[in-house]
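Welcome, and thank you for taking a look at this model with me. Let us walk through it together, one stop at a time.

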Amino acid sequence: MALDHVETLECTLCGATYDPEQVVYTCPEHDGVAGILEVVYDYDVVQDRFDASLDGDIRSQWKYRAFLPVDTEATPVTLDEGGTDLLDVPRLGAEFDVDLRVKNDGLNPTGCFKDRATSVAATKARFAGRNVVTCASTGNAAASLAGYAARAGLDCRIFVPESAPEGKLVQPRVYGADVLAVAGSYDEAYDLSLDVTNAYGWYNRNAAINPFQIEGKRTVGHELADQTRDSIPDWVVFSMGDGCTIAGCWKGLREFAELGYVDDTPSMLGVQPEGASAIHDAFHGHDDVDDVADTLADAVAVGRPRNTLKACRALEESGGTALTVSDDDILAAETLLGRTEGIYAEPAGAAPIAGIRRAREAGIIDPDESVVAVVTGLGLKDTAGAKRAVGDVIRVQPSLEDVADQYGTANPDAESSI
Ligand SMILES: *Cc1c(COP(=O)(O)O)cnc(C)c1O
Ligand SMILES: [Zn+2]
């Protein structure tokens, strides 16, 4: 057994260190779960094991296994997460006058980039002999955990706000999980899941408190570094809820630059809805923060983000910034992305596109700069939200006349044949 590439778990607040073989969620020196831990690696050991150079396809995130905090003896619990395409999207880019690419992470196995982290969590939980996994979630992390628990043969009990979109409440039940729909917000579901973790000793996947979770999210950064070696973007754009994702990606990008696999790092642009803007507010030093989330982008409807500190560090270290967009902007971005490039994102997945528009207007992103937007979730989980933007279908009788009402009378000489 070897977890010898993980040196220590270090508290982001006080610098205290902990043994990575123990299950420690947060530093006990601070109130609640404030003392979030950072996984520190011995990169000599990591690099010895990372025999693959960056050459070759990215079949899944396990290409970067040497960088993941799992025991060398552990068999991954995997559904082939990661390895998502980086698409050129010239038609969408022309809307903003930037050189735009989209990393389509909604194509992960459960429809969300969170599978990257869940795969690591399920691998660690199974290897440690744990039988029950849990988390609180706005919906996607729960669905993801349920899928990977099924894959690993573990019991899964998850806490979601009862207001989560129907698709996200059904999906985990198909995977056989118990879904406890909490009469309250995500923040209340989160607190309940922590109480439950303490009381029952189940393995908790929550990305902010489980220090290993964010490590799986790093692989989106590893892949981006790998895929953009010859064309490093000026900006990488994410939506932010708890802030773990943007922080994880930044850690991946930064470590690949520090290890010399790539020459440079992009700046991170973090996007939040106006109704759930706590990280944005903290980054810009506003202190009259409203901790009640109100946005249709349910995946980032977080009032009290758990990972503000790591997210703000990512923005700052990368020379990036944070901005907010309205729900109307997000819906418009969702349909624009679909209409111009055939990519169907959920609202939180489309928010980066709305953010690019704002950033261009505000002079944050200059014309012709290169930008990668990471689309984090698939739209099919929440069709009710998108329906607000696209309206109803065109209703017709099964007759040509009704079609003619729409498109005019058919011309029999037109390019024909069935
Ligand atoms: C969870 C989630 C996010 C935000 O990730 P955080 O780590 O909470 O900042 C963004 N988009 C989608 C689709 C998500 O599910
Ligand atoms: Zn501490």
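In which loop is the place of Asp 80? Asp 80 belongs to the loop between helix H1 (43-49) and strand S4 (86-88). Before we go further, please keep in mind that the model in front of you is predicted. With a relative accessibility of 33%, Asp 80 counts as partly exposed, because that value falls between the 20% limit for buried and the 50% limit for exposed. The backbone of Asp 80 deserves a look as well: its phi is positive, about 70°, although Asp 80 is not a glycine. For background, most residues other than glycine have a negative phi.

A second aspartate invites a visit. Asp 97 is found in the loop between helix H2 (90-96) and strand S5 (99-104). Here too phi is positive, at about 65°, in a residue that is not a glycine. Asp 97 has a relative accessible area of 41% and is therefore partly exposed, as the class lies between 20% and 50%.

Now let us turn to the ligand. Where does ligand 1 sit? Ligand 1 is located in the largest cavity. There are 18 residues around ligand 1, and those that come nearest are Lys 114, Asn 140, Gly 243, Thr 245 and Thr 376. Sorted by class, this shell holds 7 nonpolar, 7 polar and 4 charged residues.

Some of the contacts can be followed atom by atom. In the side chain of Thr 245, an N or O atom is 2.6 Å from an oxygen atom of ligand 1. The backbone takes part too: an N or O atom in the backbone of Gly 243 lies 2.8 Å from an oxygen atom of ligand 1. For Gly 241, a polar backbone atom is 2.8 Å from an oxygen atom of ligand 1. On its own, ligand 1 has 380 Å² of accessible area, and the protein covers 97% of that.

From here we can visit Lys 251, whose place is in helix H8 (residues 244-258). Is Lys 251 buried or exposed? Its relative accessible area is 6%, so Lys 251 is buried, the limit being under 20%. If you look from Lys 251 to Ala 301, you move 50 residues along the chain, and the C-alpha atoms of the two are separated by 24 Å.

Next comes Gly 111, in the loop between S5 and helix H3 (115-127). Gly 111 counts as buried because its relative accessibility is 3%, which is under 20%. What separates the C-alpha atoms of Gly 111 and Glu 346 in space? The answer is 9.7 Å, while along the chain these residues are 235 apart.

Thr 12 is another stop in a loop, this one between strand S1 (6-11) and strand S2 (17-18). Its relative accessibility of 11% is under 20%, so Thr 12 counts as buried. The side chain of Thr 12 also has a partner, reaching the backbone oxygen of Ile 36 at 2.7 Å.

Two alanines round off the walk. Ala 181 has its place in strand S8 (residues 178-182). Ala 181 is partly exposed, because its relative accessible area is 44% and thus between 20% and 50%. From C-alpha to C-alpha, Ala 181 and Val 160 are 5.1 Å apart in space, with their positions 21 residues apart in sequence.

Ala 362 is in the loop between helix H12 (347-361) and strand S13 (370-375). Ala 362 has a relative accessible area of 44%, so this residue is partly exposed. Ala 362 and Leu 154 are 208 residues apart in sequence, and their C-alpha atoms lie 48 Å apart in space.

Terms used:
Residues numbered from 1 in each chain as written. Chains lettered and ligands numbered in written order. Predicted model: local features only at pLDDT ≥ 70, side-chain atom pairs only at ≥ 80, totals over all residues. Heavy atoms only, no water. Near = heavy atom within 4 Å. Polar contact = N/O pair within 3.5 Å; in protein donor to acceptor, adjacent residues only side chain to side chain. Areas by Shrake-Rupley, 256 points an atom, 1.4 Å probe, with all protein chains shown as cover. 1 Å grid on protein atoms, 1.4 Å probe; cavity = no way out; pocket = protein on both sides within 12 Å on 5 of 7 lines; lining within 4 Å. Sits in = over half its atoms within 2 Å of the grid points. Nonpolar A, V, L, I, M, F, W, Y, C, P; charged D, E, K, R; others polar. Helix = DSSP H or I, 4+ residues; strand = E, 2+ residues; numbered from the N terminus. Buried < 20%, exposed > 50% of the residue type's maximum accessible area, 1.4 Å probe, protein only.
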